[in-house]
Amino acid sequence: MSSTSTPVDAYLTALGKALPGPRRRKADLLAEARDHLVDATEAFEADGLDRDEAEREAVADFGELSDVVPGYRADLAVSQSRRTAMLLFLALIIQPIVWQEGVWSWNQDPATPNPVNEFLQSLVRTVGMFAIAGAVLAVIAAGIGLRHALVRQHVTRVTAVFALVNAVVISLIGVAMSATGGRTPDLPAFGVVGAFVVLPLAFVALQAGRCLRLARA
């Protein structure tokens with residue numbers, strides 16, 4: 001039993017395929033587009049057109065995909081940047097627990113202080129505070145960007161680069177800190193750093209990459 005696709009359904013399917021980005025926001029945008037097309041179809045039907053003709057007129061009135069898609073992609077890019085900034089914030093907010101002395105077996109009773117490790121601890125605190133503040137600002141900017149075109153034009157790329165740089169730098173510092181800690185580095189040390197530092201920040205970097213792809217779209 002075959003099913004036929006209406007002009008509105010075909011248009012929305014094509015629109016969905018042309019839109020990468022966060023699924024929830026994409027679903028919201030497609031739902032809004034469907035509501036608009038349904039309302040327009042009903043208006044054309046009230047003017048005397050049959051259902052198929054009314055849908056075709058509604059689709060034509062909505063606009064060609066080449067004209068509509070860029071605006072939707074810009075919206076999705078801003079949503080992706082907000083998601084990336086939030087994930088960066090969450091990945092960094094747990095770091096004090098990871099490095100709290102005595103929490104893990106590999107950082108209990110440190111031996112003679114290592115100057116390199118002390119420098120790295122100071123550096124990661126500074127970089128981390130800067131990154132957390134930047135992530136919060138990026139979340140706020142993304143909210144503004146959904147309403148103001150000027151912010152929307154820049155927030156995605158800036159957020160992506162900021163998150164990507166911080167994810168790489170903090171991951172490298174984390175590995176270096178575990179290697180220069182008070183005890184001889186072992187598998188548990190690198191396992192904790194990998195699970196609670198490198199892996200979350202690698203996911204942030206992945207999201208930042210998606211931001212950059214959307215920004216170029």
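Begin by selecting α4 and α7, where α4 passes α7 in a left-handed crossing, a term that applies if the near helix is turned anticlockwise from the far one by less than a right angle, with right-handed used if clockwise. What is on the screen is a predicted model, in which local features need pLDDT of at least 70 and side-chain atom pairs count only at pLDDT 80 or more, while totals for chains, interfaces and linings use all residues. Residues are numbered from 1 along each chain as its sequence is written, and side-chain values use heavy atoms, with hydrogens and water left out.

**The whole chain**

Before going further into the helix pairs, colour the protein chain by secondary structure: it holds eight helices and zero strands, where helices (H or I, at least four residues) and strands (E, at least two) are DSSP runs numbered from the N terminus. Read from the N terminus on, the elements run α-α-α-α-α-α-α-α. Of the 217 residues in the protein chain, 36% are buried, where buried means under 20% relative accessible area, exposed over 50% and partly exposed in between, with a 1.4 Å probe and protein chains only.

**Three helix pairs**

Two packed helices are described by the angle between their axes and the distance between the axes. The axes here are lines fitted to C-alpha atoms, for helices over the stretch in contact, and the angles run from 0 to 180 degrees between N-to-C directions.

Return to α4 and select with it helix α7 (residues 149-179): the two axes come within 9 Å and cross at roughly 30°. α4 and α7 are therefore roughly parallel to each other, on a scale where angles under 35 degrees count as roughly parallel, over 145 as roughly antiparallel, 65 to 115 as roughly perpendicular and the rest as oblique.

Keep α7 and add helix α6 (residues 115-145), which packs against α7 at an angle of about 160°, with the axes 10 Å apart. α6 and α7 are therefore roughly antiparallel to each other, and α6 passes α7 in a left-handed crossing.

While α6 is selected, pick out Gln121, which is found in this helix and counts as partly exposed at 31% relative accessibility. A distance drawn from the C-alpha atom of Gln121 to that of Trp99 spans 8.9 Å, although the two residues are 22 residues apart along the chain.

Next select α2 and α3, which pack at an angle of about 125° with their axes 8 Å apart. α2 and α3 are therefore oblique to each other, and α2 passes α3 in a right-handed crossing.

**Salt bridges**

Show the charged side chains now, taking a salt bridge to be a side-chain nitrogen of Lys or Arg within 4 Å of a carboxyl oxygen of Asp or Glu; by this rule the count comes to five salt bridges. One of them joins Arg25 and Asp75, whose closest N and O atoms are 2.8 Å apart. Arg25 lies in helix α2 (residues 23-46) and Asp75 in helix α4, so the pair ties together parts that are 50 residues apart in sequence. Which state does the accessibility give to each partner, buried or partly exposed? Arg25 counts as partly exposed at 22% relative accessibility, whereas Asp75 counts as buried at 14%.

Move to Arg51 and Glu45, whose side chains meet in a salt bridge of 2.8 Å, N to O. Arg51, at 38% relative accessibility, counts as partly exposed, and Glu45, at 29%, likewise counts as partly exposed. Add Glu55 to the selection to see a network of salt bridges that links Glu45, Arg51 and Glu55.

Then select Asp52 and Arg56, which form a salt bridge with their closest N and O atoms 2.9 Å apart. Being four residues apart in helix α3 (residues 51-62), Asp52 and Arg56 are separated by about one helical turn. Asp52 counts as partly exposed at 37% relative accessibility, while Arg56 is exposed, with a relative accessible area of 51%.

**A nonpolar patch**

For the last stop, switch to a surface view and select Met86, Leu90, Ile93, Ile94 and Phe196, which form a nonpolar patch on the surface with about 380 Å² of accessible area together. Patches are made of residues with over 30% relative accessible area and no salt bridge, with like charges joined within 9 Å and nonpolar side chains (Val, Leu, Ile, Met, Phe, Trp, Tyr) within 5 Å; the accessible areas come from the Shrake-Rupley method with a 1.4 Å probe, and for residues only the protein chains shown count as cover. The largest share of the nonpolar patch, three residues, comes from helix α4 (residues 65-93). Ile93 is found in helix α4 and counts as partly exposed at 43% relative accessibility.
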